[in-house]
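Colleague: I am new to this structure and would like to learn how to read its features one at a time. Could you walk me through them?

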Amino acid sequence: MKIGIVGAGRTGCSLGKYIMESSACKNVDIRISGFAGRSKESVETAATFTETKAFDSMQDLIQKSDIIFITTPDDAIHTVWEKIKNDSIQGKIVCHFSGSLSSDLFSGREEFDISACSIHPMYAFSNKFTSYKQLNNVRFTMEGDTRALRTMNTLFETMGNTVCIISSDKKTAYHAAASMVSNMMIGLYEQSIRIFEDCGFDRDLARTMVKPLVMGNVKNFLEHTPEEALTGPIERNDIDTVEKHLTALSGKERQLYVNLGGTLAELAKRKNPERDYEEMTRLFENEQCNVSEWRKK
């Protein structure tokens, strides 16, 4: 079984190398036929790195492949699909690797007996030459047509990965959740550093100060449940401290504190069912109402 990859960026390069390095794939004769894409330089680099072939056109790549991986940026996937769906692709499997888009993007595939799915590795590809080394610990989420899912599920489980299947209509919400726990955590970190700067701390010093706190918390909530990991004034039901925090903050920092604080109050109630968090909950509900009224003005 040969897999052709359209798109020679971090995702395509990493997946190609991961599959080519897999002894399990070699044993069952699964390999990468090569790469095609807009940038000739990137395609040649990916082909050299994976010891495969650089194709001059997507049409040539398709003819030499049983399965097509589209690993381009999200806004280019539909364009690629429109270009290739008439090019001798009948009966083949086509997959894209967007986290937010579903397999519904492959419109008209039934006319060509094409089976399609979307595949999303729960992983941030940071380097096209090294990220593949971490993929053996990554879970892959898939949705789409039965034949494509069965084939791709077998492929990644052969390499030792765990595969999760979701419905197509949940794909966008799934990706939003992944973004919140990944990219938006960086936004939360940045907001806290800015507040430290407002308090008079040098930015580099602030980052150094919070590093043990951040690393300890991340380790804690990854190794335990959110309820078990929760600490702080909301968990302690310390109304006075929370009110002082709200007084000290304004604008989007206050809004962020209120939104996350309401979630933490819910966790606190689950963690400590014997405690009365009614006043804490009411505090955040009232603040949410104030935010809503402010938005209307």
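Colleague: Let us begin with one residue: is F140 buried or exposed?

Modeller: Buried means under 20% relative accessible area, exposed over 50%, and partly exposed in between, with a 1.4 Å probe and protein chains only; F140 has 0% relative accessibility and therefore counts as buried. Please keep in mind that this is a predicted model, in which local features need pLDDT of at least 70 and side-chain atom pairs count only at pLDDT 80 or more, whereas totals for chains, interfaces and linings use all residues. Residues are numbered from 1 along each chain as its sequence is written, and side-chain values use heavy atoms, with hydrogens and water left out.

Colleague: Where is F140 placed?

Modeller: Strands are DSSP runs of E with at least two residues, helices are runs of H or I with at least four, and both are numbered from the N terminus. F140 lies in strand 7, which spans residues 140-144 and is mostly covered, since four of its five residues are buried.

Colleague: Which strands pair with strand 7, and in what sense?

Modeller: Two strands pair if DSSP finds at least two bridges between them. Strand 6 (residues 115-121) pairs with strand 7 in the antiparallel sense over five bridges, and H120 stands opposite T141 there. Strand 8 (residues 163-165) pairs with strand 7 in the parallel sense over three bridges, with I165 as the bridge partner of M142.

Colleague: In what order do the strands form the sheet?

Modeller: The sheet is open, with eight strands in the order 3-2-1-4-5-6-7-8 and mixed pairing. Strand 3 and strand 8 stand at the edges with a single partner strand each, so one side of each has no neighbour in the sheet. Further inside the order, strand 5 (residues 93-96) runs parallel to strand 6 and is joined to that strand by four bridges, where I93 stands opposite S115.

Colleague: Which residues form the nonpolar patch on the surface?

Modeller: Patches are made of residues with over 30% relative accessible area and no salt bridge (a side-chain nitrogen of Lys or Arg within 4 Å of a carboxyl oxygen of Asp or Glu); nonpolar side chains (Val, Leu, Ile, Met, Phe, Trp, Tyr) are joined within 5 Å, and like charges within 9 Å. Here V181, M185, F221 and L222 form the nonpolar patch, with about 380 Å² of accessible area together. One of them, M185, is found in helix 8 (residues 183-198) and counts as partly exposed because its relative accessibility is 33%.

Conventions:
Areas by Shrake-Rupley, 256 points an atom, 1.4 Å probe, with all protein chains shown as cover.
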